[in-house]
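Let's walk through this one together, starting with a single chain and working outward to its partner. Have the structure open beside you as you read.

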Amino acid sequence: MTFFRLWKKFKWLFLAAIIIVLTVAAHFDYFIYKTPIAEITNVKQVSSEATKDYYGNVDHDITQKLTLKFLNTERRGQEIKISNEYFKSQVITQKYRVGQQILLSHKKWWSIIGQKRDAILVFTLALMLSLIIFFANKLSFQIILSLGLNFIFFLLAILFDINFVSVQPVVVFGVLTIIFAFITSFMVLGKTKQFLIVLLSTLLSTAAGVAIGALTINLNGSSGIHFEYMDYITQFPIPVFYSEVLIGVLGASMDEASDISAMLLGMQRERSERAFKEYFVSGMNVGRDIVGSLTNVLFMVFIANTLPMVFLYLRNGNTWSYTIDIAMLLGLLSTIISAIAIVLTVPITSWLAATILTRGKKVKA
Amino acid sequence: MSTFLWLIFILFSLLILVARKQGLKAFFGLFINLCAIFLLIVLINWQFNVYLVTILISFGILAVSIYLSADNQKVTNYAFTSSLIVLAIVIILIIPINYIANVQGFATESSEELEGLLLSVGLNFSNIAFIVTVIASLGAIAEASMAISADLNELIESTPEITTASLYKQGIIIGSQIIGTALNTLFFGVLGDNLTLAMFYMRLNYTFAQLINDKLVVAAILDLLIAMIGVLLTIPVTILIVSRGHIKNGSLNKKNSN
């Protein structure tokens, strides 16, 4: 009991302490690793050479000599020297600094796998979760649980897709979308009328949006749209693209549906004998205000992710139109199809909510 | 290209049909934001100062996203001020995280994507990573601050005698409801966007230890987490801005002295 009161009073202090403890623990967790880990104790720049490529880009090719001290395995305490070559632009290579921990591999000689990044990951994750606990109060448990569950199902669905190649990806990720929608709305709303409205209208609008996108693409042929340029694609790309959009737009569509249905249920609580049209019109009014901002959320996420490739292509002497075609077009296409689904959520939710709310009325009367 | 134009046409018609004037504004807003992104690319490509350019462009994107999404001057002003403060905090957070994490650019796993490209491009990709993280969080910050300030303003208008203390308390309740859905919008957006990356990595059979230290995986997760932090920070910041505005308007002081 006293602990609970203390917790309430010094919540932020507890949370800050937890963040620090976890981050420090992750920083010193190298003894759990089987991979050899070493700390960089000294860095000496051996050479630096200005380079100029075919397109006139000036860069620097730098070689540094790293002195490493092993932190784990039976070599613990031993020192080795290793050299690291990087370009100043660090597109793929990396400049190392004193104090960084790195993962190593040993074949014939030692080579760098990469920097140990778990501590910064733990810090940022702990910070985000703490902010949820701090600001979402009573809802924080549901929010964290639904995020965690959804992430686990995401990984499970991918595992399923990889292991059962005969099942269409759209089917796998379509089912995943249904699971996502169910978990998320159930966690926040429980077994209520609003849950039913949000779940159904989200699924309907997401499916309708992607179907319209797919239909348009099929009717016109995918001329000019290079699905094969999707990053890290390892299978037939088009179904994966639709799966991406299905998952991507789900949250925004759910956001829209929750807002509309919350408003309409509020109206019902205020005065329950209303006509279908009254609900429908109010739903449309609430919904249309947030279409723009929700689309914008997805647009920013999708477009930001394309930027590194855009810069790389532009710097490689490609024209704007070619760069957009290869690096940006799919991001824009996802945005447009998502936007269609988000807009469709407005009439679909208004219609569905109005139908359910008035039908319940008639049954009672 | 014709498929693309068709889809834009369908979107445009639906927006007009469903959302009328708001739809037109939403379409227009997206277009301006796209132009802002192009401007950002051009300026960074010309090697202008990264921080200055990113802040200015972000400023513009937030302004467009917020002022075009509602008509209520008071609500949009609150939301814009709050989103700028949140943006500042997020940037202050991103700089050290970016410095420590070193998740810029690409990795050896991207070799297929990079085929035929020269990588000594003379553009600092550490800065590009900074830009990506900031831009990815902008839409979510704008959306959350709009939603919270609109609801808080409604609360003040329906109960003008509300005290700052109870405004804060109500604000946290309202905020926590909004935040759940706002976080999900972001979460699923990023998940969908990284589906191919996740599939690619699951096929590689990396160990857990490799995954949580991997450049591309950590980069994707950090971007999501930072954007989520931005959304969460909009709750206290927006409440603070709205209640300060409320006090300034005198309604609070008058009622309290009564």
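Trace chain B along its sequence and you get α-α-α-α-α-α-α-α-α. In other words, chain B has nine helices and zero strands. Keep in mind that this is a predicted model.

How do those helices sit in space? Taken along the principal axes, the C-alpha atoms of chain B fill a box of roughly 75 × 45 × 35 Å. Chain B runs to 258 residues, and 56% of them count as buried. Look at the contacts in chain B between residues at least 6 apart in sequence, and you'll find that 78% of these join residues at least 24 apart.

Now split chain B into its parts. Domain 1 covers 1–46, and domain 2 takes in 49–257. Measured out in the model's own terms, the C-alpha centres of these two domains of chain B are 21 Å apart. Where they meet, domain 1 of chain B puts in ten residues and domain 2 of chain B puts in nine. On the domain 1 side of that contact in chain B, the makeup is seven nonpolar residues, two polar and one charged.

Next, zoom out to the partner chain. Here 103 residues of chain A are in contact with 99 residues of chain B. Which helix of chain A gives the most to the side that touches chain B? That's helix H8 of chain A, residues 276–315, which contributes 24 residues. As for chemistry, the side of chain A that touches chain B divides into 62 nonpolar, 28 polar and 13 charged residues.

Note on methods: Residues numbered from 1 in each chain as written. Chains lettered and ligands numbered in written order. Predicted model: local features only at pLDDT ≥ 70, side-chain atom pairs only at ≥ 80, totals over all residues. Domains from an automatic or database assignment. Contact = placed C-beta atoms within 7 Å. Nonpolar A, V, L, I, M, F, W, Y, C, P; charged D, E, K, R; others polar. Helix = DSSP H or I, 4+ residues; strand = E, 2+ residues; numbered from the N terminus. Buried ≥ 20, exposed ≤ 12 C-beta atoms within 10 Å, placed from the backbone.
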